[in-house]
Amino acid sequence: MKIWKKGALASVALASAMFATTAHAAQFLEITGPSGTFGDGDVTCGAAATPCTFTRSFEFVTPAGFNIASIDISSVATVDPITNIDFSSVTFNGISFATLSTGTQEFRNLLNQSLVSGGNNVISVNGTSGGNAAFSGTLSFASVAAVPEPTTWMLMLMGMAGIGFTMRRKKNTTLRVRYS
């Protein structure tokens, strides 16, 4: 009977160790093909007094064949201020997101950002947590062929016109005939 109790206690200890969480165990980043999700479901303050500041970074490689990304991030607080998050900054490869709403419903996005296919990227999220909050975001990837800007087209056309003008220009030459 003692062996059974020790085995049961060992099983409980093993299960507890398997499901134990670290400070940022709820942080996630999942990318499948043209889309993905990221976030942290457990932005806690730990032993620190609430509210507290936090920083999260999500690193990923651009999926092959894609060169444009649009990214959204949001957080919604309940009536309890402990679930509130206030983003101080959200950046993607150093480029700041547009702020669409603040307060109990934080929402920011970055649309049609150019990427390098297969390149390394970083999303950085900084803010203040009420103590037990969460945020999440979505990634959408697309592939767009490069199109020259209008000024490039204009410069090319002006160059061709200049070459054509030079080729058609008549030179004033006089013809002299000498007889010996």
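## A walk through a ten-strand chain

Mentor: Read from start to finish, the chain runs α-β-β-β-β-β-β-β-β-β-β-α. Helices (H or I, at least four residues) and strands (E, at least two) are DSSP runs, numbered from the N terminus. This is a predicted model, where local features need pLDDT of at least 70 and side-chain atom pairs count only at pLDDT 80 or more, while totals for chains, interfaces and linings use all residues. Residues are numbered from 1 along each chain as its sequence is written, and side-chain values use heavy atoms, leaving out hydrogens and water.

Trainee: What is the strand order in the open sheet of six strands?

Mentor: Strands count as paired if DSSP finds at least two bridges between them. Here the pairing is antiparallel. From one end to the other, the order is β1-β2-β10-β4-β8-β7.

Trainee: Which strands stand at the edges of that sheet?

Mentor: Look for strands with a single partner, so that one side is left without a neighbour in the sheet. Two strands fit that description, and they are β1 (27–32) and β7 (98–101).

Trainee: How many bridges join β1 and β2?

Mentor: These two pair in the antiparallel sense. One example is leucine 29, whose bridge partner in β2 is phenylalanine 38. For the pair β1 and β2, the bridge count is six.

Trainee: Is serine 75 buried or exposed?

Mentor: Serine 75 sits in strand β4 (residues 68–76). Buried means under 20% relative accessible area, exposed over 50%, and partly exposed in between (1.4 Å probe, protein chains only). Serine 75 has 4% relative accessibility, so it counts as buried.

Trainee: Which residue's backbone oxygen lies 2.9 Å from a polar atom of the serine 75 side chain?

Mentor: Start with the contacts of serine 75 (heavy atoms within 4.5 Å). Leaving aside neighbours within four places in sequence, they include Ile85, Phe87, Thr104 and Ala134. The backbone oxygen at 2.9 Å belongs to alanine 134.

Trainee: Which members of the largest nonpolar core touch the most other members?

Mentor: A nonpolar core is a set of buried Ala, Val, Leu, Ile, Met, Phe, Trp, Tyr and Cys residues joined through side-chain atoms within 4.5 Å. This one has 22 residues, and β2 (35–44), β3 (52–61), β4, β5 (85–92), β9 (120–129) and β10 (132–142) each give two or more. Valine 125, for one, touches Phe54, Phe58, Ile73 and Phe135, among others. The members that touch the most others are Ile73, Phe92, Ile123, Val125 and Phe135.

Trainee: What share of the chain's residues count as buried?

Mentor: The chain has 180 residues. Its secondary structure comes to two helices and ten strands. Of those 180 residues, the buried share is 27%.

Terms used: Polar contact = N/O pair within 3.5 Å; in protein donor to acceptor, adjacent residues only side chain to side chain.
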